[in-house]
Amino acid sequence: MNIMKKQDFFFFALVFQPQCTHNGSMHSEDLRTVLVTGGAGFIGSNLVRLLVKEKGIRVINLDKLTYAGNLESLADLDGDPNHLFVQADLCDGEQMRSIFREHQPDAVMHLAAESHVDRSIDGPGEFIQTNVVGTFQLLQAALEYYRGLEGARKNAFRFHHISTDEVFGTLQMGDPAFTETTPYDPHSPYSASKASSDHLARAWMDTYGLPVLVTNCSNNYGPYQFPEKLIPVVILKCLRGDVIPVYGKGENIRDWLYVVDHAEALHCVLTRGSPGETYNIGGNNERQNIELVQSLCGILDELRPGATPYAENISFVTDRPGHDLRYAIDASKIKRELGWEPKETFASGFRKTVQWYLDNEAWWQRIVSGDYQLTRLGQESNAG
Ligand code: NAD
Ligand code: DAU
């Protein structure tokens, strides 16, 4: 069995791979077709757009189209021969194998997941199915395909598993930020399922030699985020004149990264990262929730003034069960080794995002006039 060891990959990376710049103009010649899972979701759609439009890569976009998947987020790629959409469920192992056989990808970027903490509290079953069982099925199909590759194509193949900072658990104020070696300590069904999938991905490298890269990223914001997450919830509640729900006392802290910066980081890791390695990705933008919500209200006061300041509608509501106090990412490794750092600042990224929701009302109106109507999730313990 041909199993390349981590140290061999590291030597290969040191000797043969040029320095990654943030603009990432030097993508590998070997990277022509990438299988992206979850490409109709928030981060996935932003990543697919970047790969197809900016990096000249052909994307096979594999997505089940759950409530969170939306092909309208990729309407600007309609008719583009470099974007091929395949509706499929990760958990269907036979379909995963046939997608590899048919499309012969040079790499996999695995984003498909159930991703909302509040939904994982209400119904953890889907999280175990998709995030754990689905990742297992995808890894098995990727391994079978990888074993059939030869020569340069085999050496260049990568399985990039996209994960979250939530697997590291929670920090107290003043604790140092999460590094790549921080022990796992997940608290929600969502983060526990993502932690499981991270362990599976690494085990498939260590045991079977599948060349796996793992990234753990902080909170993303930007265009096309489903309006169940904090940023779009706040913007849409403001625009509808509703109460703006802030969980607990609003003192929880998250690190915020503009989604296109994340997509650039993922491309950088895929083309320059060393298999067997983990890279933390973050925005260097820690904010208390209440401070962030007030900033968003302030931006909207300027861009779409209401009768009274939007912040007057902020309401502190019952906390999320198991609510992690603080996440913070030490992203020095990806900067030092691959040369990536975020372009957007807190001010520029949030202003762009608010403006995007103002300019794209048709996109979010179709969502909030369907099954989901901005209702509070994650309060009950109806697991099972
Ligand atoms: P999202 O919920 O917006 O999109 C998830 C996509 O996966 C959807 O298009 C959905 O249809 C698809 N999907 C779900 N189950 C599937 C299945 N069984 N088979 C095939 N497709 C399926 O999620 P997101 O916010 O874009 O997150 C993408 C990935 O990035 C996730 O793995 C998440 O854990 C990770 N992540 C997210 C953030 C964040 O802030 N949003 C931060 C760090 C990491
Ligand atoms: O840290 C990365 C993670 O960020 C990703 O792995 C997840 O997929 C993504 O959903 C996100 O998780 P969070 O739970 O941090 O995101 P959310 O937007 O749900 O909540 C952000 C913070 O805002 C959190 O402290 C809870 C709080 N909150 C959230 C909502 C929806 C509120 O105060 N009010 C709300 O209405």
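This tour visits two ligand sites, a small set of paired strands and one aromatic pair. The model is predicted.

**Stop 1: ligand 1**

Select ligand 1 and show the residues around it. There are 29 of them. Which come nearest? Look for I43, D63, S115, Y190 and K194.

Now pick out the polar contacts. Start with the side chain of Y190, where a polar atom sits 2.6 Å from an oxygen atom of ligand 1. Move to K194: an N or O atom of its side chain is also 2.6 Å from an oxygen atom of the ligand. Then turn to L65. Here the backbone takes part, with a polar atom 3.4 Å from an oxygen atom of ligand 1.

Switch on the surface. On its own, ligand 1 exposes 830 Å², and the protein buries 97% of this area.

Next, colour by secondary structure. Four elements give two or more residues to the shell around ligand 1: helix 2 (42-54), strand 5 (158-164), helix 7 (189-208) and strand 7 (219-221). Which one gives the largest share? Select strand 5, the source of three residues.

Finally, colour the shell by residue class. You will count 13 nonpolar, eleven polar and five charged residues around ligand 1.

**Stop 2: ligand 2**

Centre on ligand 2. Its surroundings hold 23 residues. The closest are S115, D165, Y190, R320 and H323. Two of these names should be familiar: S115 and Y190 also appear in the list of nearest residues at ligand 1.

Check three side chains here, each with a polar atom beside an oxygen atom of ligand 2:

- R320, at 2.6 Å.
- E166, at 2.8 Å.
- N289, at 2.9 Å.

How much of ligand 2 does the protein bury? Taken alone, the ligand exposes 680 Å², of which 94% is buried by the protein.

Now select helix 8 and strand 8 (244-247). Each supplies at least two residues of the shell around ligand 2. Strand 8 gives the most, three residues.

Colour by class again. The shell around ligand 2 has nine nonpolar, eight polar and six charged residues.

**Stop 3: the three-stranded sheet**

Go back to strand 7, already met in the shell around ligand 1. Show the sheet it belongs to. This is an open sheet of three strands in the order 7-9-11, and the pairing is mixed.

Why is one side of strand 7 left without a neighbour in the sheet? Strand 7 stands at an edge with a single partner strand, and strand 11 (286-288) does likewise, so each has one side free of a neighbour in this sheet.

Look along the strands to see the twist. Ignoring direction, neighbours in this sheet are turned by 50° against each other on average.

Zoom in on strand 7 and strand 9 (residues 253-258). The two run parallel and are joined by three bridges. For one bridge, select N219 and its partner W256 in strand 9.

**Stop 4: an aromatic pair**

Show every Phe, Tyr and Trp ring. The whole structure holds 20 aromatic pairs. Select Y224 and W363. Their ring centres are 5.7 Å apart and their planes meet at 80°, so this pair is edge-to-face.

Which parts does the pair tie together? Y224 lies in the loop between strand 7 and helix 8 (230-240), and W363 lies in helix 13 (residues 361-368). These parts are 139 residues apart in sequence.

Note on methods: Residues numbered from 1 in each chain as written. Chains lettered and ligands numbered in written order. Predicted model: local features only at pLDDT ≥ 70, side-chain atom pairs only at ≥ 80, totals over all residues. Heavy atoms only, no water. Near = heavy atom within 4 Å. Polar contact = N/O pair within 3.5 Å; in protein donor to acceptor, adjacent residues only side chain to side chain. Areas by Shrake-Rupley, 256 points an atom, 1.4 Å probe, with all protein chains shown as cover. Nonpolar A, V, L, I, M, F, W, Y, C, P; charged D, E, K, R; others polar. Pairing = 2+ DSSP bridges. Axes fitted to C-alpha atoms, helices over the stretch in contact; angles between N-to-C directions. Phe/Tyr/Trp six-rings, centres within 6.5 Å; stacked < 30°, edge-to-face > 60°.
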